[in-house]
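User: I am new to this structure and would like a close look at one part of it, with enough of the surroundings to place that part properly. Please take your time and explain each term as you go.

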Amino acid sequence: MKLSYFIVLFGTAIIIISFFVALAYMKKEKPQYYNYIFLYIILGLLLSINTIVNNNKVWISSIKISILIEQTISLCQSLMIGLFFIEVLKNSIINNKMRLLLFLSILIQTSLLIIVLSTNTEIKPSISSNLVLIIFSFFYLRDLMFNKPKLILLKSSVFWIVIGIFFSSCISFPINSLIPFIAKDHGFRNLRSYIFSISNMSVIVMYLLIIKSYLCLKHPQNL
């Protein structure tokens, strides 16, 4: 079994665990933004299933349909995380600017997807959302430093989610930006696979921190 495929399977297992953890806390009182996180987890599970199906060559239709499914799910994930940040920072003075950035990010991501499907250009549409999520994370951390100096971070549910998103976006953004510049020759196939694996591992870390976030719901005073 290739390392890249093992990471996909391992990541899928972590997403499944996060899904059941989310279900376990479904009836517990929690902030509104967890609705977006729950949908994000479900979308992540669908994305993993699509990847596994493609790796096992079960998908017999056009490769463009496979890309469309993958990137559409990814776009929906970007929207969920964007709405999560908007809800978390709803009282921030930059909330309106965040709404505009989210709209522009989704528009750019959709446009890049259309370009990829129509021209076979190898561009990762998610690079726009990666950049915007890094900016959103910065907004949160800035507000955290100025407005909540006494927050117990180790017990803060939203803090762990943001750190996971920030870490994953910081890893994925340069990798997704680099991919178009790596040759598609057979000799570079392993290199491309390893680079994708690094990005996937950062996503696994993010889901682990989401699980940590749910466990922090035992301390509602530090949401």
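How many salt bridges does a search of the whole structure find?

Analyst: The search of the whole structure finds three salt bridges, the term meaning a side-chain nitrogen of Lys or Arg within 4 Å of a carboxyl oxygen of Asp or Glu. This is a predicted model, in which local features need pLDDT of at least 70 and side-chain atom pairs count only at pLDDT 80 or more, while totals for chains, interfaces and linings use all residues. Residues are numbered from 1 along each chain as its sequence is written, and side-chain values use heavy atoms, with hydrogens and water left out.

To begin with the pair E70 and K124, these two residues form a salt bridge in which the closest N and O atoms are 3.8 Å apart. E70 belongs to helix 3 and K124 to the loop between helix 4 and helix 5, so this salt bridge ties together parts that are 54 residues apart in sequence; helices here are DSSP runs of H or I with at least four residues, strands are runs of E with at least two, and both are numbered from the N terminus. With a relative accessible area of 24%, E70 is partly exposed, whereas K124, at 18%, counts as buried. The cut-offs behind these words are under 20% relative accessible area for buried, over 50% for exposed, and partly exposed in between, using a 1.4 Å probe and protein chains only.

Another of the salt bridges joins R142 and D143, with 3.5 Å between the closest N and O atoms. Of its partners, R142 is partly exposed at a relative accessible area of 26%, while D143 is buried at 13%. There is also a salt bridge in which the side chains of E87 and K90 meet, at 3.3 Å from N to O.

The surroundings of the E70 and K124 pair lead to helix 4, whose 25 residues should span 36 Å at 1.5 Å a residue, and whose end C-alpha atoms are indeed 36 Å apart; the expected span is 1.5 Å times one less than the number of residues. Helix 4 has among its buried residues N95, M98, L102, S105 and Q109, and the cover over its buried residues includes helix 3 and helix 5. Following helix 4 comes N120, which has a positive phi near 60°.

On the side of helix 5, S128 has its place in that helix and is buried, with a relative accessible area of 10%. Not counting residues up to four places away in sequence, S128 touches S105, I108 and Q109, where contact means heavy atoms within 4.5 Å.

Stepping back to the whole fold, the protein chain has seven helices and zero strands, and 43% of its 223 residues are buried. Of the contacts between residues at least 6 apart in sequence, 75% join residues at least 24 apart. The largest nonpolar core holds 47 residues, among which I37, F84, F85, Y140 and Y214 touch the most other members. Each of the helices from helix 1 (3-24) to helix 7 (189-215) supplies at least two residues of this core. Such a core is a set of buried Ala, Val, Leu, Ile, Met, Phe, Trp, Tyr and Cys residues joined through side-chain atoms within 4.5 Å. F85, leaving out residues up to four places away in sequence, touches M98, L133, F136, S137, Y140, V162 and I165.

I161 offers a further view of the interior, since this residue of helix 6 counts as buried at 0% relative accessibility. Apart from neighbours within four places in sequence, I161 is in contact with Y34, I37, F84 and S213. Although I161 and Y214 are 53 residues apart in sequence, their C-alpha atoms lie 9.2 Å apart in space.

As for confidence, the protein chain has a mean pLDDT of 86, with 89% of its residues at 70 or more, pLDDT being the predictor's confidence in each residue on a scale from 0 to 100. Confidence is highest in helix 6, at a mean of 92, and lowest in helix 7, at 87. As a general caution, predicted coordinates should not be read in detail where pLDDT is low.
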